[in-house]
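Biologist: I would like a close look at a single part of this protein, set out step by step for someone in a first year of study. Please take one pocket and the strands around it, and explain what the model shows there.

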Amino acid sequence: MCRIIYITIIVLIAGFTARAQQTNKRIRISDVATQINGETLEIHFSIAASGLDIRCNGQAKLEFAIENADRRLVLPVVIYSGVTRYHYERRNEELSGAYYPEPYHIFRGVKKNRVYELDYDLSIPYYSWMEHA
């Protein structure tokens, strides 16, 4: 059961890494671990991003999901944002009154010559459909 989820996350991560390399962005995901703990699925991995060429008005999002043929659970995103874009997005959220899911983490004012590291730890309810996701 846990092995299937682990394989799915690796496939999703491998697909994202390939897309990130095509745009000259270096994003490495390592230490991937999943565990079913009773009614809870625990997910952990480390993200290291470097060489991100994000302008002050630019933004990049890492999106993660668990999915099967007919269901999809979107996990909180990690955002790499320029300063101007960060303030624009926050202002837009406040003024629109619309619901925006809370991101896992936002890196504001991203610089090309820095390395951004993050441990992504998440516990979510485990559902039977996730066994074949």
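Modeller: What follows goes from the second largest pocket to one residue of its lining, and then to the nonpolar core and the strand pairs. Please keep in mind throughout that this is a predicted model.

Rolling a probe the size of a water molecule over the atoms shows where empty space is left. In the second largest pocket, that space comes to about 260 Å³. Of the 14 residues that line this pocket, Lys61, Val77, Ile79, Tyr100 and Pro101 are the closest to its centre. The lining draws at least two residues from each of S3, S4 and helix H2, which spans 83-96, and S4 is the element that gives the most, with five residues. Sorted by kind, the lining holds eight nonpolar residues, one polar residue and five charged ones.

Val77, one of the residues closest to the centre of the pocket, lies in strand S4 and deserves a slower look. Its relative accessibility is 17%, and because buried means under 20%, Val77 counts as buried. Leaving aside residues up to four places away in sequence, Val77 touches Leu62, Glu63, Pro103, Tyr104 and His105. His105 is 28 residues from Val77 along the chain, yet the C-alpha atoms of the two are separated by 7.2 Å.

Strand S4 (72-81) also takes part in the largest nonpolar core, as do strands S1 (26-37), S2 (40-50), S3 (59-67) and S6 (115-125), each of which gives two or more residues to this core. The core has 28 residues, and those that touch the most other members are Ile47, Phe64, Ile66, Val78 and Tyr80. For Ile66, the contacts beyond four places in sequence include Leu41, Ile43, Leu73, Leu75, Ile124 and Trp129, and among them are also Arg71 and Arg72.

Strand S2 can be followed from this core to its partners on either pairing. Eight of the 11 residues of S2 are buried, so that the strand is mostly covered. S1 and S2 pair in the antiparallel sense over 10 bridges, with Asn37 standing opposite Thr40 of S2. These two strands form a hairpin with two residues between them, and in the turn Gly38 has a positive phi of about 70 degrees. S2 is also joined to S6 by 11 bridges, and this pair runs antiparallel as well; here Ile43 stands opposite Leu122 in S6.

Note on methods: Residues are numbered from 1 along each chain as its sequence is written. This is a predicted model: local features need pLDDT of at least 70, side-chain atom pairs count only at pLDDT 80 or more; totals for chains, interfaces and linings use all residues. Side-chain values use heavy atoms; hydrogens and water are left out. A nonpolar core is a set of buried Ala, Val, Leu, Ile, Met, Phe, Trp, Tyr and Cys residues joined through side-chain atoms within 4.5 Å. Buried means under 20% relative accessible area, exposed over 50%, partly exposed in between (1.4 Å probe, protein chains only). Helices (H or I, at least four residues) and strands (E, at least two) are DSSP runs, numbered from the N terminus. Contact means heavy atoms within 4.5 Å. On a 1 Å grid over the protein atoms alone, a cavity is a set of points where a 1.4 Å probe fits but cannot get out, and a pocket is an open set with protein on both sides within 12 Å along at least five of seven lines; lining residues have an atom within 4 Å of a point. Grid points are joined across faces, edges and corners, and a volume is the space filled by probe spheres set on the points. Ala, Val, Leu, Ile, Met, Phe, Trp, Tyr, Cys and Pro count as nonpolar, Asp, Glu, Lys and Arg as charged, and the others, Gly among them, as polar. Two strands pair if DSSP finds at least two bridges between them.
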